Amino acid sequence: MTLFRHRMLETGKEMAFEAARMALDSAGLERKDVDAVVLGSAPDAFDGFHMKGEQLLDGAGGFRKPYTRVFVGGGTGVFVPIAAWWHVASGLADIVLAVGEEKMSPLQPHPQYAFWTIFDQFLERPLGVTLLWIFALEMRRYMHVYNVSEEDIALVAVKNKANALDHPAAQLPARITVEDVLKSEPICAPVKRLDVSPTSDGAAAVVLASEELARKLTDTPVWITGVGWNVDTTYWTNRDLCYPEYLEKAARMAYKMAHITNPRKEIDFAEVYDPFDYKELHHMEGLLLAGKGEAPKLTREGVTQRDGDLPINPSGGLLGVGNPIAAAGVMKVAEVFWQLRGEAGKRQVKKPVNRGLAQAWGDLMQVGTVVIMER
Amino acid sequence: MTLSKQVALVSMGYSGFSTVTPQLSFKEMMFEAANMAYAQVGIDPRAEVDSFICCEEDLLEGISITDEYMPDQLGGAQRALCTISQDGLNGVVQGYMQITSGIADLVVVESHVKFSNVLSKRDVHSLAMDPYLERPFLDDGIPLAALEMRRYMHENGVSEESVAEVVVKNKRNGLKNPRSSYSARLTLDEVMRSEELWSPLRRSYVAQPADACVVAVLASYAKARSITDYPIWIEGVGWFSESSWIGLRDFSRALYAEGASKMAYKMAKIDNPSKAFDFVEIDDSIAFKELQHLEALGIYPQGKAAEATLKGETKEDGSMPVNPSGGSLSLGNLAETTGLARLLEAFETLKKKDYSKALVQSWRGIPTSTATVVVLGV
Amino acid sequence: MGRLDAGWHGCNNGEVKRLKFAGTPISPEEWRNESVFFKKEEFDLKYAWDTGYAIAKFLEGLKAGKILGVKCNRCERILVPPRMFCEKCFRKVDEWVTLRDTGTVNTFSVSYVNNDASRREKPLVVAVIEIHGASPGMGILHVLGEVEPSRVRVGMQVKAVWKPENERVGAITDIAYFKPIEVM
């Protein structure tokens with residue numbers, strides 16, 4: 001992966017190249033060994049490109065190769081490896097390069113503006129809706145239904161930003177307190193500045209191989225044993241936002257494939273999508289890693305710390321490392337990979353781990369994408 | 001079950017196929033097309049479909065993160081749905097892989113376009129170019145097609161008459177196709193007197209925009225056998241991209257189509273493509289491309305497609321029917337829906353006549369060099 | 001099954017090869033001072049979306065000062081915003097229903113920023129409002145007015161404040177905002 005920063009000099013193509021090159025190098029492979037390339041990148045509106053996938057293909061290693069771009073909003077980052085998985089599992093490809101790239105900085109005056117166009121053109125855009133509204137509305141609902149305080153939620157931001165101090169590519173690592181979060185500038189109540197992850201530029205890539213080749217290429221392959229994805233109805237105002245049903249469905253799809261019946265016990269740690277701090281709690285529950293309304297308690301008790309029983313976001317998550325949408329999801333997959341191989345350096349979780357999960361989320365509170373990996 | 005019969009195309013539905021569709025929003029168009037496809041094989045998408053794949057580009061929708069607006073009208077709410085930014089035919093390839101990977105038995109692939117709603121077509125298309133090196137010269141991409149056409153004609157000794165003949169043939173083929181918006185009975189002369197946009201490209205050589213939605217249902221062998229008596233087998237798939245850098249391409253041939261077809265032919269065990277197919281539905285969104293694609297796909301040797309066209313071999317009643325549907329020149333330029341629209345034509349034609357094998361190829365259009373190929377067998 | 005192998009380490013030798021993380025960050029100052037090479041372009045992409053049958057009727061209803069919903073006889077839900085088909089049952093809806101123009105606040109937020117991230121002059125209260133007459137949980141997005149942001153509560157009863165008839169055009173903004181109903 002590349003560094004994640006608010007604005008980088010490199011173009012999207014160049015970032016995709018850096019990440020793809022690094023992935024190939026670490027696998028000891030060359031581009032000629034790659035059978036197909038899958039790229040993920042979120043809205044074209046950020047970059048100001050139409051058919052962004054075509055523009056990026058050379059950087060991603062897709063030159064004169066079978067190449068496809070997949071796109072499920074914020075869920076893209078974890079969806080790219082899923083698409084790459086079916087390329088390999090179908091038997092059509094043995095080695096697939098999966099790249100997540102995002103360049104949000106080109107949009108002026110602020111990348112935030114592009115999110116206005118994700119809303120319904122008749123019923124929502126005329127109200128001047130911003131992406132922050134929908135998060136704030138969901139956060140409030142979650143807090144109301146399960147009686148969760150802003151302090152509980154702030155603990156997640158504190159944890160993740162601290163975890164990010166040990167991530168070499170991180171954009172906003174910091175040692176902050178709950179008080180810092182509560183006092184930070186209100187953006188869209190109850191969302192405050194330190195509750196939100198930044199917009200970023202960055203890219204990340206992973207290489208997938210079929211079983212036979214994997215064993216030849218490395219002594220410690222990490223297997224993808226479960227994949228799941230699910231999109232809920234467009235009508236987000238008709239859903240109770242306190243619980244992500246679509247994520248539970250995506251998780252169950254993955255758990256079924258991986259033969260997991262008790263996720264809380266069978267998943268050792270997870271990289272859960274945290275564009276906002278409350279989202280980590282919301283998603284933990286959707287993933288059935290905590291009961292409904294129970295995630296804040298687990299966080300308070302330190303269960304989700306790196307030395308806890310169920311480490312969540314040991315990488316530092318989006319809050320700490322940054323949020324170049326599609327790349328962030330791939331970053332999470334990469335983190336699970338490194339953790340399972342014991343290669344996460346200072347971020348390595350204390351307990352021995354055999355099975356991890358990476359999850360991303362996106363759209364109008366709609367998409368859940370889940371990947372389960374094991375040694 | 002043999003390798004060539006792992007995945008079948010069991011039904012297809014459509015809506016629109018006209019220059020404007022004011023009575024239906026894109027969601028309603030999708031609902032109509034999906035219902036048609038599901039009714040043909042009596043399936044309930046809520047209970048039976050494992051995965052939905054939508055093929056669109058944000059900037060042609062005027063919506064960012066298009067997949068947000070896809071689930072409900074396909075029956076995909078709270079189901080495994082995704083969007084790919086690729087041609088609809090590539091969606092079929094992704095669906096094929098989902099089925100052969102074992103994760104799905106029934107997959108729905110959809111694509112739609114409402115060009116009539118895109119007022120800033122020119123600007124949208126110009127945004128597909130590199131901003132520093134290409135956009136200042138290549139406007140909305142049409143000049144690029146002209147540059148390529150000239151080089152192709154020069155290297156292969158192709159006359160303008162043969163390009164114009166493609167237009168005459170396809171527009172005439174479209175006359176009996178109810179889905180065609182732009183069919184016409186034209187003479188060679190009329191076609192060649194059409195306004196020159198960027199020499200040597202004339203207005204008549206470029207397919208005009210239209211609105212449409214097409215839905216395809218793919219099934220695994222066992223599922224296909226249980227829901228239809230007439231599955232069309234997907235015997236081979238391939239897809240390939242050259243480069244986004246225009247300067248790196250070889251304009252004399254469509255390398256991207258060649259690459260895609262090699263992969264598909266290998267899978268479908270086709271040694272001699274010039275003899276293997278009863279008909280082919282290939283991209284003709286810019287008339288000279290039909291000739292270039294025929295050669296890249298191995299239907300004719302390099303430089304020989306023009307001659308064959310002038311001789312009438314590629315007519316509907318010729319020895320190698322090419323685009324009997326009327327192609328994009330008749331159906332209209334349907335952006336990412338083009339591949340599925342052609343698949344629909346091939347699907348219907350294979351069932352109607354005593355044919356056994358067809359080739360469908362799509363190209364993503366200017367300024368891309370990306371193609372997908374599917375081999376269908378009865 | 002697939003496998004992941006990415007980043008950081010070499011393969012079989014197990015030796016830790018610390019690879020450099022590429023990327024050249026540009027600081028806000030460098031950006032403002034234009035010390036890096038860039039190109040500015042502005043595009044105004046215009047679209048004219050066909051509303052289709054369902055939304056057209058809904059907007060007509062708004063112009064006439066009414067909030068319309070639709071009913072699916074199979075799941076017996078009354079849906080708003082209206083749509084041509086029920087997404088749960090995947091079938092066409094059966095009839096149109098006139099709903100009340102009052103509702104319950106399902107969730108709300110106070111926005112201090114515009115959609116381009118600039119600060120607002122005055123905070124805006126936005127909410128998902130469950131419309132009375134529709135099935136429970138059927139909300140629409142709108143804004144609240146005539147209320148102190150600090151006094152808004154989940155569960156608050158609100159009523160639509162319509163623009164005068166001659167100013168209504170058939171848009172969601174024909175309702176200017178929702179305001180709290182006095183507690184009886």
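## Polar contacts between the two domains of chain B

How many residue pairs are in polar contact between domain 1 of chain B and domain 2 of chain B? The count comes to 16 residue pairs, with both residues at pLDDT 80 or more. Keep in mind that this is a predicted model.

As for charges, the rule finds 1 salt bridge across the interface of domain 1 of chain B and domain 2 of chain B. Within chain B, B:Glu57 and B:Arg364 form a salt bridge, and their closest N and O atoms sit 2.6 Å apart. B:Glu57 falls in the 3-119 stretch of domain 1 of chain B, while B:Arg364 falls in the 234-377 stretch of domain 2 of chain B.

## How chain B is divided

The domain assignment splits chain B into two parts, each made of two stretches of sequence. Domain 1 takes 3-119 + 211-232, and domain 2 takes 121-208 + 234-377. Measure from C-alpha centre to C-alpha centre and you get 23 Å between domain 1 of chain B and domain 2 of chain B. On the contact itself, domain 1 of chain B puts in 41 residues and domain 2 of chain B puts in 38 residues.

## What gets buried

The size of an interface is often given as the accessible area lost when the parts come together. Here, domain 1 of chain B and domain 2 of chain B bury about 3,600 Å² between them, and 71% of that is on carbon and sulfur atoms. On the domain 1 side, three residues of chain B stand out: B:Phe17, B:Leu89 and B:Ile232 supply 21% of the area that domain 1 buries against domain 2, more than any other three residues.

Which elements give two or more residues to the side of domain 1 of chain B that touches domain 2 of chain B? They are the strands β1 (7-18), β4 (106-114) and β7 (211-220), plus the helices α3 (58-61) and α5 (88-100), of chain B. The largest share of that side, 9 residues, comes from β1(B).

## A small sheet in chain C

Over in chain C, 3 strands make an open sheet, ordered β3-β2-β6, with antiparallel pairing. At the edges are β3 (77-79) and β6 (95-99) of chain C, each pairing on one side only. Ignoring direction, neighbouring strands of this sheet are turned by 40 degrees against each other on average.

Strand β2 (residues 67-72) of chain C is joined to β6(C) by 5 bridges. For C:Leu68, the bridge partner in β6(C) is C:Thr98. Helix α2 (residues 52-63) of chain C packs on the sheet and touches β2 and β6 of chain C; its direction makes about 140 degrees with that of β2(C).

Definitions and conventions. Residues are numbered from 1 along each chain as its sequence is written. Chains are lettered from A and ligands numbered from 1 in the order in which they are written. This is a predicted model: local features need pLDDT of at least 70, side-chain atom pairs count only at pLDDT 80 or more; totals for chains, interfaces and linings use all residues. Side-chain values use heavy atoms; hydrogens and water are left out. Two strands pair if DSSP finds at least two bridges between them. Helices (H or I, at least four residues) and strands (E, at least two) are DSSP runs, numbered from the N terminus. Axes are lines fitted to C-alpha atoms, for helices over the stretch in contact, and angles run from 0 to 180 degrees between N-to-C directions. Contact means heavy atoms within 4.5 Å. Domain bounds come from an automatic or database domain assignment. Buried area is the accessible area (1.4 Å probe) that two parts lose on being put together, summed over both. A salt bridge is a side-chain nitrogen of Lys or Arg within 4 Å of a carboxyl oxygen of Asp or Glu. A polar contact is a pair of N or O atoms within 3.5 Å; within protein, one must be able to donate a hydrogen and the other to accept it, and residues adjacent in sequence count only if both atoms are side-chain atoms.
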